[in-house]
Amino acid sequence: MREHLFATVDLSQQAGRPLSCTYHILIKDITEPIQCESYGVRITVDQTGERKELPDITVLPDAVLKLVQQLAESGVTPCTLRSVVEDWLI
């Protein structure tokens, strides 16, 4: 699995303490039954190392790019990643 750094966002004002999150796009090559790439996301809290990743969300690169952009702009943290992505998929 490969990863692409999308952004690091300072969330200190929202949290009232030093807090920043790093957002990555995860890329996995799929060879069977068709050859394509599967995309997911990972969020890491820089201060604590807490992280959550959700692989295999979509095979559409534009969709995962829009998703990770929304996650970063909204300041989504690892603990809320799953519920936000589930809502996004609906």
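This report walks through the fold, the core, the salt bridges and one histidine of the chain above.

The model is predicted, so local features need pLDDT of at least 70 and side-chain atom pairs count only at pLDDT 80 or more, while totals for chains, interfaces and linings use all residues. Residues are numbered from 1 along each chain as its sequence is written, and side-chain values use heavy atoms, with hydrogens and water left out.

**Overall fold**

Let's start with the layout. The chain has 3 helices and 4 strands, taken as DSSP runs numbered from the N terminus (helices are H or I, at least four residues; strands are E, at least two). Read from the N terminus, the order is β-α-β-β-β-α-α.

Along its principal axes, the C-alpha trace spans about 50 × 25 × 20 Å. The radius of gyration is 13 Å, which agrees with the value near 12 Å for a compact globule of 90 residues; that value is taken over C-alpha atoms, and the globule rule is 2.2 Å times the number of residues to the power 0.38. Of the 90 residues, 39% count as buried. Here buried means under 20% relative accessible area, exposed means over 50%, and partly exposed is in between (1.4 Å probe, protein chains only).

As for contacts (heavy atoms within 4.5 Å), 41% of those between residues at least 6 apart in sequence join residues at least 24 apart.

**The core**

In soluble globular proteins, nonpolar side chains tend to be buried together. The largest nonpolar core in this model has 22 residues, and Tyr23, Val41, Leu71 and Leu81 have the most contacts inside it. A core of this kind is a set of buried Ala, Val, Leu, Ile, Met, Phe, Trp, Tyr and Cys residues joined through side-chain atoms within 4.5 Å. At least two residues each come from β1 (2–10), β2, β3 (36–45), β4 (51–58), α2 (61–74) and α3 (81–89). Helix α2 gives the largest share, 5 residues.

**Salt bridges**

Side chains of opposite charge can pair when their charged atoms come close. The structure holds 7 salt bridges, each being a side-chain nitrogen of Lys or Arg within 4 Å of a carboxyl oxygen of Asp or Glu. Here are some of them:

| Pair | N to O distance |
|---|---|
| Asp29 and Arg2 | 3.0 Å |
| Arg42 and Glu3 | 2.6 Å |
| Lys28 and Asp56 | 3.0 Å |

In the salt bridge between Lys28 and Asp56, Lys28 sits in strand β2 and Asp56 in strand β4, so the pair ties together parts 28 residues apart in sequence. Lys28 is partly exposed at 29% relative accessible area, and Asp56 is partly exposed at 40%. Salt bridges with shared partners also join Glu3, Arg42, Arg51 and Glu53 into one network.

Within the salt bridge of Arg42 and Glu3, Arg42 belongs to strand β3 and Glu3 to strand β1, so parts 39 residues apart in sequence are tied together. Arg42 is buried at 8% relative accessibility, whereas Glu3 is partly exposed at 44%.

**His24**

Glu3 turns up again next to His24, a residue of strand β2 (residues 20–30). The side chains of His24 and Glu3 share a polar contact of 3.4 Å. His24 is buried, with 13% relative accessibility. Leaving out residues up to four places away in sequence, His24 touches Glu3, His4, Leu5, Phe6, Gly40, Val41, Arg42 and Val68. A polar contact is a pair of N or O atoms within 3.5 Å; within protein, one must be able to donate a hydrogen and the other to accept it, and residues adjacent in sequence count only if both atoms are side-chain atoms.
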